[in-house]
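Q: Please take a close look at a single part of this structure and explain how that part sits among its neighbours.

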Amino acid sequence: MEPIHSLKIGDVQLDNNVILAPMAGVTDLPFRTLCARSGAGMTCTEMVSAKAIYYNNKKTYELLKLSEEEPIISVQLFGHEPELMADMATRIEEEINYDILDINMGCPVPKVVNNEEGSALMKNPLLAGRIVEETVSKTNRPVTVKIRIGFDDEHINAVEMAHVLEESGASAIAVHGRTREQYYSGEANWDVIADVKAHTTIPIIGNGDLTCFSDICEMYNQTKVDGYMIGRAARGNPWIFEGVLREAEEVSDKSDMVTNGNDYKPTWSSIKEMILTHAKMLVDYKGEYIGIREMRKHTAWYTAGFPHSATFRGKVNEVESLEELAELLGSI
């Protein structure tokens, strides 16, 4: 089988198995839409607190706004109370037209871990299993889980976790090849991902250090995973999905792309156009004040590595309106 192919998760069919990872502060509706347009087989929301849904937190419900352009959308919940997680999954299922429910068991952020949520659940497979079992029993959507390979180097237990989660009813598992202790540093350990794949029967999605099609091929050869989750490499580069799919199909027409290592990279002209498109979407979604300020970090990602990009980003950080941003982009 070729690395890139369709993928079925529960009763949900994805056109391809290259997936946008959920990222807090990044995968909001505008960014997910851009990645969907680029060809991502599935997009994932930022992680959403089950407890915040319970308290009808307005900001949390903003995270649950979806786009009709997203072909398959996964909503990611986090929490540590099985009944609450299941009840909130049921609530949002009644209110939102999403396809897959994902449970976060990989977030390394202290405020999440200290509340026994996110990657803290790697230390408690039995509780993790109860959360999945209870949620599966109350929702009609396929339930997936995102985990890490372990909490730290002394506790690499992804295979055990995956076994528990599969037995509890999970339809697929995404494995980030780092421990919680690593956060996002060092290299992802694909060997553990391979072990998880070898000891499970449900789809396993690999995550960690995937930046281009050749990385995907390497991960497939090493692990035989069923899908691939691209996270940080998509920041400032929603084209990555189009690039991967193009390479997979061996398309020869690459006139609008220049090579960047062994991956596609859009031209400077395309980047400027995308920055403005992204900014307009953020302004429409969050208002000009917030949208323009949030665009600053995206601009830093879009322009990383280009000559004089630091100077340009400095100017962007002084922009306070969409009109000013358009004028700045038009001047360079």
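A: What follows is an account of strand 7 and its surroundings, with a short note on cysteines at the end. The model is predicted, so local features need pLDDT of at least 70, side-chain atom pairs count only at pLDDT 80 or more, and totals for chains, interfaces and linings use all residues. Residues are numbered from 1 along each chain as its sequence is written, and side-chain values use heavy atoms, with hydrogens and water left out.

Strand 7 covers residues 100–105; strands (E, at least two residues) and helices (H or I, at least four) are DSSP runs numbered from the N terminus. Six of its six residues are buried, meaning under 20% relative accessible area with a 1.4 Å probe, protein chains only. Ile100, Asp102 and Asn104 point one way, while Leu101, Ile103 and Met105 point the other way. In a regular strand the side chains alternate between the two faces of the sheet.

Strand 7 pairs with strand 6 (residues 73–78) in the parallel sense over four bridges; pairing requires at least two bridges found by DSSP. Ile103 is the bridge partner of Leu77. Strand 7 also pairs in the parallel sense with strand 8 (residues 143–150), over five bridges, and there Leu101 has Val143 as its bridge partner. Strand 6, helix 4 (residues 82–95) and strand 7 form a right-handed β-α-β unit: with the strands pointing away from the viewer, the path from the first strand over the helix to the second runs clockwise.

As for cysteines, the count is zero disulfides, a disulfide being a pair of cysteine sulfur atoms within 2.5 Å. The sulfur of Cys35 is 11 Å from the closest cysteine sulfur, in Cys44, too far for a bond.

Terms used
Buried < 20%, exposed > 50% of the residue type's maximum accessible area, 1.4 Å probe, protein only.
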